Amino acid sequence: MKMPEKNTEHTVKAFDTDISEMRGLIAEIGGRAEKSIALAMKALAEHDLDLARQVVRDDKQIDALEQKIDRMVIQTIALRAPMADDLRELVATLKISGVVERIGDYAKNISKRVAVIDPNLHIGPASLLPAMAQAAAQLVDDALTAYATRDADLAEQVVERDRIVDDFYNTIFRSLVTHMVDNPKHIGAGAHFLFIAKNLERIGDHATNVAEMVYFAATGETIAEREQGNNPTDPLYTPH
Amino acid sequence: MNETATAPKMTTRNVDVFYGDKKAIDDISIDIDMENVTAFIGPSGCGKSTFLRTMNRMNDTIPSARVTGEITLDGENIYAPSMDVVQLRARVGMVFQKPNPFPKSIYDNIAYGPRIHGLATGKTELDQIVEKSLQRAGLWNEVKDRLQESGTALSGGQQQRLCIARAIAVDPEVILMDEPCSALDPIATAKIEELIHELRGKYAIVIVTHNMQQAARVSQKTAFFHLGNMVEYGDTSEMFTNPKEDRTRDYITGRYG
């Protein structure tokens, strides 16, 4: 259900300029967040401390972009009094910038753990993390594509596919716990890997938040509340 | 009794308006109720004022204007031959774009209607009507010490509230407002909007406005007019966040034309 292309520009052209500038900024902050996820996982895989520090440094630019977007949205709401799909898009933009900034924080958090994980330990379940990171980053990428193209269908798919990331998390959680029980000396590193898995799972959730806002902006409706994946921290969790 | 409480105050069914051969309004059916303020929005020339004026037969004063279809007040056809137009306009009051107080005292501006309609039996009762009307219009405290001064000496915003008080004085059931704030500054506008909010429920209120923010602020129902058609009608909150029709969206987001 792709929204029909808007057939007319705003009579006040400067409004269109503002909106495209904000879309550009969202593309930029999103691109930086995706890059941070990839670099953080590379730093982890290669135990590259310089790269890890770079991700931490880069996060400041993501924070600055978030503030810039927020200021611009507030200014536009104040000056242009947007209505209907314009209003929905601006509210979505405001929320998306906050959510993407959080995605950057999770990448930063992963980077910070690189230095404290002994690269010589062999912890089998951690080998699933790159695939999980890839799945989470793909969700972020698709959610941002959905934003750029106002594609409600793609947004819905992202929400649906977050289950893949949740399933990764549950698998990694269980196998890491088992591994730690068998190898008590690995508990320190194992705990860090657990947090990394949790960070990636949260990145998937945030991609879902972005997709939900995209869906709202495009259609004016909220996306149907989806069923949650089977999560061991859920009180209603049932072991497989 | 319950029936009249839930039935719409006014209804229009398949209303067309012609100026000579030209059709200005095409097939409009809408209900106006007591609980909600209804706003008519749309670009200039869309027919919203023309349509508003059919609701108390103000178009009768334009020789070339012709109205077809049915408009009722409490179920009674207001275009029926038996309808007393003077009485109708007391029941369906009107406030115009430019405040138009009579060149008389503040007191007489309010007292004029009740006098000609014989609503007061003596001076005391008339005084009460004047005070109550000015109270309801939020003007009493500002003018109570100078009721004998000319109505035209008041500020624009006060004059507009005087006109609303004048409409209220004859105990109407419906108040039609045609761009009531377009000649007023923001503070005077806010006072009128607050007044509309207070009058809601006591009278069925219809307001025509070019100011979409104003429609969003004061109304619960909004109708969007375009080229003589009513394109969309619905809850104001829905209309301004998620309009159903592309033409509505293009207009309220400033893409019209």
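Biologist: In this predicted model, which residue of strand 2 of chain B is the bridge partner of Val17(B)?

Modeller: The bridge partner of Val17(B) in strand 2 of chain B is Ile25(B).

Biologist: How do you know that strand 1 and strand 2 of chain B pair, and in what sense do they do so?

Modeller: Two strands count as paired if there are at least two bridges between them, and strand 1 (residues 10-19) and strand 2 of chain B are joined over seven bridges, so the pairing condition is met; the sense of this pairing is antiparallel. These strands belong to an open sheet of four strands in chain B, with the order 2-1-4-5 and antiparallel pairing.

Biologist: What makes strand 2 (22-32) and strand 5 (76-77) of chain B edge strands?

Modeller: Strand 2 and strand 5 of chain B each pair on one side only, and they are the edge strands of the sheet.

Biologist: Why is Asp166(A) called partly exposed?

Modeller: A residue is buried with 20 or more other C-beta atoms within 10 Å of its own and exposed with 12 or fewer; Asp166(A) has 18 C-beta neighbours inside 10 Å, and therefore counts as partly exposed. Asp166(A) is found in helix 5 (residues 152-182) of chain A, and its C-alpha atom is 27 Å from that of Glu66(A), with the two positions 100 residues apart in sequence.

Biologist: Why is chain B called as compact as a globular protein of its length?

Modeller: The globule rule gives 18 Å for 257 residues, and the radius of gyration of chain B is 18 Å, close to that value, so chain B is as compact as a globular protein of that length. Chain B has eleven helices and ten strands, and 45% of its 257 residues count as buried.

Biologist: Which residues have the most contacts inside the largest nonpolar core, and which helix gives the most to this core?

Modeller: The largest nonpolar core has 72 residues, and those with the most contacts inside it are Phe40(B), Ala165(B), Leu176(B), Ile205(B), Val206(B) and Ile207(B). Helix 7 (residues 156-169) of chain B gives the most to this core, with seven residues. Leaving aside residues up to four places away in sequence, Ala165(B) touches several residues, including Ile110(B), Leu134(B) and Leu139(B).

Biologist: How many residues does each chain bring to the contact between chain A and chain B?

Modeller: The contact takes 14 residues from chain B and 16 residues from chain A. Helix 11 of chain B supplies the largest share of the side of chain B that touches chain A, namely three residues.

Definitions and conventions: Residues are numbered from 1 along each chain as its sequence is written. Chains are lettered from A and ligands numbered from 1 in the order in which they are written. This is a predicted model: local features need pLDDT of at least 70, side-chain atom pairs count only at pLDDT 80 or more; totals for chains, interfaces and linings use all residues. A nonpolar core is a set of buried Ala, Val, Leu, Ile, Met, Phe, Trp, Tyr and Cys residues joined through C-beta atoms within 7 Å. Helices (H or I, at least four residues) and strands (E, at least two) are DSSP runs, numbered from the N terminus. Two residues are in contact if their C-beta atoms, placed from the backbone, lie within 7 Å. The radius of gyration is taken over C-alpha atoms; the globule rule is 2.2 Å times the number of residues to the power 0.38.
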